[in-house]
Amino acid sequence: MALIKKFRIKKFKETKPILSLEKISMFYNKRQILNNLDLKINKQEILGMLGPNGVGKSTIFHIITGLKDPSFGKVFINEIDCTDIPIYERATKFKLGYVPQYGGFIQDLSLLDNLNLVGEIHIKEKDLRKLKIDKIIAQFEFDSLLRIKAKHLSGGQKKKLVISMALINDPNILLLDEPFAALDILTIKMLQEIIVNLQSLEKITVVVCDHQARDLLSCVDRAIVLSNGKIIASGSPDEIVKDSSARSAYFGDEFKIN
Ligand SMILES: Nc1ncnc2c1ncn2[C@@H]1O[C@H](COP(=O)(O)OP(=O)(O)OP(=O)(O)O)[C@@H](O)[C@H]1O
Ligand SMILES: [Mg+2]
């Protein structure tokens with residue numbers, strides 16, 4: 001498979017991470033999911049998170065957004081400790097965009113009204129708002145779907161809607177929890193291009209997890225593999241697929257990038 005990325009930012013000029021998790025542990029009842037996890041993400045980096053079902057990827061997104069409090073540890077955005085900052089304030093103050101694994105839209109509103117709803121929260125000026133929403137409608141080819149209630153959209157159309165809603169805010173940091181699941185091949189390619197363009201043109205930072213490992217690895221700068229509550233491997237796509245721990249915990253022996 002051809003790599004989408006024409007270049008990878010090997011060395012990030014910014015030494016200060018835009019997002020850091022420090023010594024994060026997470027317990028559900030007495031079951032430990034995350035174990036003293038440290039993770040730093042550089043500005044303008046596209047980081048891929050991989051790991052088996054139930055390893056804690058969505059939990060990490062919940063902890064970054066503030067949907068869940070970690071049992072221990074701290075979350076820093078732009079070097080500001082935001083562990084106790086509520087979810088709505090993190091979203092607006094730090095311009096966090098989030099595409100959850102499930103849901104993320106209002107079932108009984110039309111596709112257009114879902115876009116309008118998010119637009120009205122984030123863009124006060126009416127003409128600017130219309131411009132932004134029109135751009136998204138064109139980019140995602142939503143023209144024939146505008147009046148359909150979100151609950152009646154197909155699985156892939158719903159996913160596209162939620163991704164487009166996360167972009168209305170022009171996020172600085174975009175968190176994507178399984179964005180490729182349910183998307184057709186061309187739509188995956190479109191989304192990969194959107195992600196890479198956002199990085200190079202808008203300089204945004206992206207954290208993405210997905211089980212479509214090849215699709216994910218073709219658009220990230222760095223990937224990590226999680227296993228048993230820890231990061232067991234970290235590196236470029238080429239490095240990570242050769243890593244013996246990553247292969248035994250996630251990829252298996254047969255996996256190839258091309
Ligand atoms: N509210 C909760 N109460 C109890 N256990 C939970 C809760 N939320 C998540 N878990 C458990 O935490 C673990 C991590 O879940 P999480 O959804 O983060 O996994 P994941 O890596 O995103 O998996 P997948 O690839 O299947 O989406 C799972 O074992 C799950 O059952
Ligand atoms: Mg998940």
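In the predicted model, Glu178 counts as buried, because 21 C-beta neighbours lie inside 10 Å and the cut-off for a buried residue is 20 or more. Glu178 is placed in the loop between strand S7 (173-177) and helix H6 (185-202). Its phi is near 55°, a positive value in a residue other than glycine. Most residues other than glycine have a negative phi. A positive phi, of about 60°, is also found at Lys203, again not a glycine. Lys203 lies in the loop between H6 and strand S8 (205-209). Lys203 has 10 C-beta neighbours inside 10 Å and therefore counts as exposed, the cut-off being 12 or fewer.

The strands that precede these two loops belong to an open sheet or lead into a helix that packs on it. Six strands make up this sheet, in the order S6-S7-S8-S3-S9-S10, with mixed pairing. Strand S6 (96-99) and strand S10 (230-235) are the edge strands, each pairing on one side only. On average, neighbouring strands of the sheet are turned by 15° against each other, direction ignored. At the S10 edge, strand S9 (residues 222-227) and S10 run antiparallel and are joined by five bridges. Within this pair, Val225 has Ala233 of S10 as its bridge partner.

Two helices are placed against strands of the six-stranded sheet. Helix H5 (residues 155-167) lies across S6 and S7, and its direction is at about 175° to S6. H6 lies across strand S3 (46-50), S7 and S8, running at about 155° to S8.

A second open sheet contains four strands in the order S2-S1-S4-S5, and its pairing is antiparallel. Its edge strands are S2 and strand S5 (80-81), each of which pairs on one side only. Helix H1 (residues 57-65) packs on this sheet, where it touches S1, S2 and S4; the direction of H1 makes about 120° with that of S1. Strand S1 (residues 17-28) and strand S2 (residues 31-42) run antiparallel and are joined by eight bridges. These two strands form a hairpin with two residues between them, and Asn29 in the turn has a positive phi of about 55°. S1 also pairs with strand S4 (residues 72-77), in the antiparallel sense and over five bridges.

Individual residues of S1 illustrate the register of these pairings. Ser20 has Lys40 as its bridge partner in S2, and Ser20 stands opposite Phe76 in S4. For Leu19, the bridge partner in S4 is Ile77.

Helix packing was examined for helix H3 (residues 111-122), whose axis comes within 9 Å of that of H5, with a crossing angle of roughly 20°. H3 is therefore roughly parallel to H5, since angles under 35 degrees count as such. The crossing of H3 past H5 is right-handed. On the H3 side, the contact is made by Leu111, Asn114, Leu115 and Val118, and on the H5 side by Leu161, Ser164 and Met165. By class, the residues of the contact of H3 with H5 are five nonpolar, two polar and no charged.

H3 also packs with helix H4 (residues 126-139), at an angle of about 140° and with the axes 10 Å apart. This angle makes H3 oblique to H4, because the cut-off for roughly antiparallel is over 145 degrees. The crossing of H3 and H4 is right-handed. In this contact, Leu115, Asn116, Gly119 and Glu120 of H3 meet Arg129, Lys132, Ile133 and Ile136 of H4. The residues of the contact of H3 with H4 comprise three nonpolar, two polar and three charged. Leu115 is listed in the contact of H3 with H5 and is also among the H3 residues that meet H4.

Technical notes. Residues are numbered from 1 along each chain as its sequence is written. Chains are lettered from A and ligands numbered from 1 in the order in which they are written. This is a predicted model: local features need pLDDT of at least 70, side-chain atom pairs count only at pLDDT 80 or more; totals for chains, interfaces and linings use all residues. Two strands pair if DSSP finds at least two bridges between them. Axes are lines fitted to C-alpha atoms, for helices over the stretch in contact, and angles run from 0 to 180 degrees between N-to-C directions. Angles under 35 degrees count as roughly parallel, over 145 as roughly antiparallel, 65 to 115 as roughly perpendicular and the rest as oblique. A crossing is left-handed if the near helix is turned anticlockwise from the far one by less than a right angle, and right-handed if clockwise. Two residues are in contact if their C-beta atoms, placed from the backbone, lie within 7 Å. Ala, Val, Leu, Ile, Met, Phe, Trp, Tyr, Cys and Pro count as nonpolar, Asp, Glu, Lys and Arg as charged, and the others, Gly among them, as polar.
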